Amino acid sequence: MKLGMVGLGKMGGNMTVRLVQGGHSVVGYARNPAVVDVVVKQGATGASTLADLVRQLPAPRVIWLMIPSGDPVDQTLAQLRPLLSPGDLIVDGGNSYYRDSLRRSALVTGWGFRFVDVGTSGGIWGLQEGYSMMVGGTDEDVERIRPILETLAPGPQKGWGHMGPVGSGHFVKMVHNGIEYGLMQAYAEGFAVLQAKSDFSLDLHQIAEVWRYGSVVRSWLLELTEAALAENPTLKGVEPWVADSGEGRWTVTEAMELNIPAPIITLALQQRLRSRETDPFTERLLAMMRNKFGGHEVKTEP
């Protein structure tokens, strides 16, 4: 199968390499030519523009997008519209909001094209381990890209699945990331408690290594934690600033709309937001309130 890949960031580039290694013919395009050069060296064919990419693909085409969620996806679809032919299939493999995928599917099918959403997990390790993919679309469209999915997954019959209609793939990936927030927060808090018990002089890296085998909390995420602690046991120089992709927010919003309590995911999201506060107004006001009703001392900045 000949496939067009658009937006070859680190993850998309690794996916391209995996596809090439699996025997697929891939044409890659990114706004940064240097990124295209990297995948060309791995066996893909490069394209200088979206039009160039489309010209190199025989119809009916499959175009796989790996670009940031939001406006970049809409802009790329608008640019592709005059270039594609009826029956061409667009796959959004990024972290798009599932409601956007529903809207885009209606738009794209109205243009005469097909649309599939693929929630993709695996990050930079996907080239080595394979990608977990949650797919939304019609049976016919998903079957059409089955060879691609089987190549990218850890195995032909594992690590990927057809979740349901369009939108379901990104919906399941959204909840996946919400769960990820909670797991990460639990590990971080637990290790913080261990680190604070100074009279035991605990070796956090050793603990993570022990827990990796036989423990009920063992996981790939724990393996990554162990690797991080091996590199930097005290986390010296690491700024306590945690980003979010937006999927945790969407999960919390969806939970509220469905009247489903999700306190762990919600608090994990709030903790990420809290990590970015450089001037915590909340605590300043709390200190002043306590002073006003109880006369408690307020510490002042030097």
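This briefing covers the fold, charge contacts, aromatic contacts, backbone features and one pocket of a single protein chain. The model is predicted. The protein chain has 302 residues, and 40% of them count as buried. Its secondary structure consists of 14 helices and eight strands. Along the principal axes, the C-alpha atoms fill a box of roughly 75 × 40 × 40 Å.

**Salt bridges**

- The count of salt bridges comes to 18, and three of these pairs are described here.
- D100 and R103 form a salt bridge between their side chains, with 3.5 Å from N to O. Both belong to helix α5 (residues 98-110), and because they are three residues apart there, about one helical turn separates them.
- D100 is partly exposed, at 22% relative accessibility. R103 is also partly exposed, at 39%.
- R146 and E143 are joined by a salt bridge with an N to O distance of 3.1 Å. R146 is partly exposed, with a relative accessible area of 27%, and E143 is partly exposed at 46%.
- The side chains of D244 and R249 meet at 2.9 Å, N to O, in another salt bridge. D244 counts as buried because its relative accessibility of 18% is under the 20% cut-off. Its partner R249 is partly exposed, at 37%.
- D74, D100, R103 and R104 belong to one network, joined by salt bridges that share partners.

**Aromatic rings and charges over rings**

- There are five aromatic pairs in the structure.
- Y97 and Y98 make one edge-to-face pair, with ring centres 5.5 Å apart and planes at 85°. Because an angle over 60 degrees counts as edge-to-face, the 85° between these planes puts the pair in that class.
- Both tyrosines of this pair are buried: Y97 has a relative accessible area of 15%, and Y98 has 11%.
- Ring pairs also bring Y97 and Y98 into a cluster with F171 and W250.
- Two contacts place a basic side chain over an aromatic ring. The charged end of K197 sits over the ring of F200, at 5.6 Å from the ring centre. R272 lies over the face of Y181, and here the distance to the ring centre is 3.7 Å.

**Backbone features and loops**

- The peptide bond that leads from A59 to P60 is cis, with omega near -5°. P60 is located in the loop between α3 and β4 (62-65).
- S201 is a residue other than glycine with a positive phi, near 50°. It is placed in the loop that runs between α9 (168-196) and α10 (204-211). S201 counts as exposed, at 62% relative accessibility.
- L235, again not a glycine, has a positive phi near 60°. The loop between α11 (220-231) and α12 (247-257) contains L235. With a relative accessible area of 45%, L235 is partly exposed.

**Helix α3 and a contact across the sequence**

- R55 is part of helix α3 (residues 50-55). R55 counts as exposed, because its 63% relative accessibility is over the 50% cut-off.
- R55 and L83 are 28 residues apart in sequence, and their C-alpha atoms are 8.5 Å apart in space.

**Second largest pocket**

- The second largest pocket holds about 220 Å³ of space.
- Its lining is made up of P280, E283, R284, A287, M288, E297, V298, K299, T300 and E301.
- By class, five of the lining residues are charged, four are nonpolar and one is polar.
- The nonpolar lining residues include P280 and M288, and the charged ones include R284 and K299.

Terms used. Residues are numbered from 1 along each chain as its sequence is written. This is a predicted model: local features need pLDDT of at least 70, side-chain atom pairs count only at pLDDT 80 or more; totals for chains, interfaces and linings use all residues. Side-chain values use heavy atoms; hydrogens and water are left out. On a 1 Å grid over the protein atoms alone, a cavity is a set of points where a 1.4 Å probe fits but cannot get out, and a pocket is an open set with protein on both sides within 12 Å along at least five of seven lines; lining residues have an atom within 4 Å of a point. Grid points are joined across faces, edges and corners, and a volume is the space filled by probe spheres set on the points. A salt bridge is a side-chain nitrogen of Lys or Arg within 4 Å of a carboxyl oxygen of Asp or Glu. Helices (H or I, at least four residues) and strands (E, at least two) are DSSP runs, numbered from the N terminus. Buried means under 20% relative accessible area, exposed over 50%, partly exposed in between (1.4 Å probe, protein chains only). Rings of Phe, Tyr and Trp (its six-membered ring) pair if their centres lie within 6.5 Å; planes under 30 degrees apart count as stacked, over 60 as edge-to-face and the rest as tilted. A charge sits over a ring if NZ of Lys or CZ of Arg is within 6 Å of the ring centre and within 35 degrees of the ring normal.
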